[in-house]
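Thanks for making time this morning. I would like to walk through one structure with you, starting with its internal spaces and moving on to its charged side chains.

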Amino acid sequence: MARSLCPGAWLRKPCYLQARFSYVRMKYLFFSWLVVFVGSWIIYVQYSTYTELCRGKDCKKIICDKYKTGVIDGPACNSLCVTETLYFGKCLSTKPNHQAKLGDQGNLSELVNLILTVADGDKDGQVSLGEAKSAWALLQLNEFLLMVILQDKEHTPKLMGFCGDLYVMESVEYTSLYGISLPWVIELFIPSGFRRSMDQLFTPSWPRKAKIAIGLLEFVEDVFHGPYGNFLMCDTSAKNLGYNEKYDLKMVDMRKIVPETNLKELIKDRHCESDLDCVYGTDCRTSCDQNTMKCTSEVIQPNLAKACQLLKDYLLRGAPSEIREELEKQLYSCIALKVTANQMEMEHSLILNNLKTLLWKKISYTNDS
């Protein structure tokens, strides 16, 4: 009888394969469970934060209770609490405590008169105690103050009314400069680089993009050394800009546009190790004095440079070949602007006007504009 040199060898290989398969399967199941657990925890935390800070029904109840007892008043109170024709829709932010102060603004007496006019919601020539309390609560918000100051400007959403610290502004049809709106759960799992590339695919035609860009340049003019002082744009991201059906730019979120005097007070003498410690919002940067280890008060980059940085890819993608080279040149000159440069204001005006002229000349006779 023939015998194998390795008795039982035919049994050992299947056992080894079975053991290896069990190990791989257990490893796969463990990592799958870990991914599901971590993902579920992230979604739970995000959802908890969202529901906690975007509690429209609770906000309405608190505001309406105060209105019915005469503590607050305003032109939007009746629509919100009595006829209920005003209601909360989409929650645009979960960030609390967006506060500002008046600071040492230019033409302060004129600004006070303007605020009193807005505070008189029923236009009876007098500001009631309820209206005064509402106005005071609202004046703690950057966005409300800026809307009051720029209420006659084209690119600022119109203030429709207020009730307590709730204010109602004009609806903007498109609430981002570009991109596609996705559920926040999906947003968590999309890499930021891929998201930016994807967003650039969902934009209007180039002439319409040029018109929107001109609107942003005009808004930069509106907040640059106006009658009530200079305002700094500290978050120039696409999600804070929108446009209407006529492709006129409208500011969607102005809470990070702050008076220059306020920013200097907030950031000066802040302890720092490097320039990275001297940032307010995402875009307002000063330098770190290495001798004193404190932040300086002068912002490095003006609003126009930050706006051009945002517009660079937006405008160059799909730009007509005959102006692309000149457009790119002007955009990079704009991005290079520094507050500390000699004759900065003259350069600011020159670059801004050149960009607007270049864009207007190209789109003034097109149907899309």
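Let me begin inside the protein, with the second largest cavity, which holds about 50 Å³ of space. Please keep in mind throughout that what you see is a predicted model. The residues that line this second largest cavity are Leu146, Ile149, Leu150, Asp222, Val223, Gly226, Pro227, Tyr228, Gly229 and Phe231. Two elements give two or more residues each to that lining, namely helix H6, which covers 142-149, and helix H9, which covers 206-223. If we sort the lining of the second largest cavity by class, we find seven nonpolar residues, two polar ones and one charged one.

Helix H6 deserves a moment of its own. How many of the eight residues of H6 are buried? Eight of the eight are, so the helix is largely enclosed by the rest of the structure. The buried residues in H6 are Asn142, Glu143, Phe144, Leu145, Leu146, Met147, Val148 and Ile149, and two of these names, Leu146 and Ile149, you have just heard in the lining of the second largest cavity. As a general reminder, an α-helix has 3.6 residues a turn, so residues three or four places apart point the same way.

The count of cavities of 30 Å³ or more comes to two, and the largest cavity has a volume of about 60 Å³. Lining the largest cavity are Met233, Cys234, Asp235, Thr236, Asn240, Leu241, Met251, Asp253, Lys256 and Ile257, which divide by class into five nonpolar, two polar and three charged residues.

Two of those lining residues lead us to a lysine. Lysine 306 sits in helix H11, which comprises residues 303-316, and, if we leave aside its neighbours within four places in sequence, lysine 306 is in contact with Met233, Thr236, Asp283, Cys284 and Gln301. Met233 and Thr236 also belong to the lining of the largest cavity. What is the nearest side chain of opposite charge to lysine 306? The answer is aspartate 283, at 6.1 Å, and lysine 306, although buried, has no salt bridge. The cut-off matters here, because a salt bridge requires the side-chain nitrogen to lie within 4 Å of a carboxyl oxygen.

Helix H11 takes us on to the second largest pocket, whose volume is about 280 Å³. This pocket is lined by 15 residues, and those nearest its centre are Tyr178, Thr236, Gln309, Leu310 and Asp313. H11 supplies the largest share of the lining of this pocket, with five residues. By class, the lining of the second largest pocket divides into two nonpolar, six polar and seven charged residues. Thr236, then, is among the residues nearest the centre of this pocket, lines the largest cavity and touches lysine 306.

I turn now to the charged pairs. Across the whole structure, a search finds eleven salt bridges, and I will take a few of them.

In one of them, lysine 60 pairs with glutamate 84, with the closest N and O atoms 3.7 Å apart. This pair links distant parts of the chain, since lysine 60 belongs to helix H2 (residues 56-68) and glutamate 84 to the loop between helix H3 (77-81) and helix H4 (108-119), 24 residues apart. Lysine 60 counts as partly exposed, at 24% relative accessibility.

Another pair brings us back to H9. Glutamate 221 and lysine 356 meet in a salt bridge, with an N to O distance of 3.0 Å. Glutamate 221 is in helix H9 and lysine 356 is in helix H13 (residues 344-363), so that the pair links distant parts of the chain, 135 residues apart. Glutamate 221 is partly exposed, with a relative accessible area of 34%, whereas lysine 356, at 15% relative accessibility, counts as buried.

The side chains of glutamate 265 and lysine 268 form a further salt bridge, at 3.7 Å from N to O. Glutamate 265 is exposed, with a relative accessible area of 54%, while lysine 268 counts as partly exposed at 37% relative accessibility. Finally, Glu260, Lys264 and Glu298 are linked in a network of salt bridges.

To close with the whole chain, there are 13 helices and ten strands, and 38% of the 369 residues count as buried. Of the contacts between residues at least 6 apart in sequence, 66% join residues at least 24 apart.

Definitions and conventions:
Residues numbered from 1 in each chain as written. Predicted model: local features only at pLDDT ≥ 70, side-chain atom pairs only at ≥ 80, totals over all residues. Heavy atoms only, no water. 1 Å grid on protein atoms, 1.4 Å probe; cavity = no way out; pocket = protein on both sides within 12 Å on 5 of 7 lines; lining within 4 Å. Points joined across faces, edges and corners; volume = space filled by probe spheres on them. Nonpolar A, V, L, I, M, F, W, Y, C, P; charged D, E, K, R; others polar. Helix = DSSP H or I, 4+ residues; strand = E, 2+ residues; numbered from the N terminus. Buried < 20%, exposed > 50% of the residue type's maximum accessible area, 1.4 Å probe, protein only. Lys, Arg positive; Asp, Glu negative; His and termini not counted. Contact = heavy atoms within 4.5 Å.
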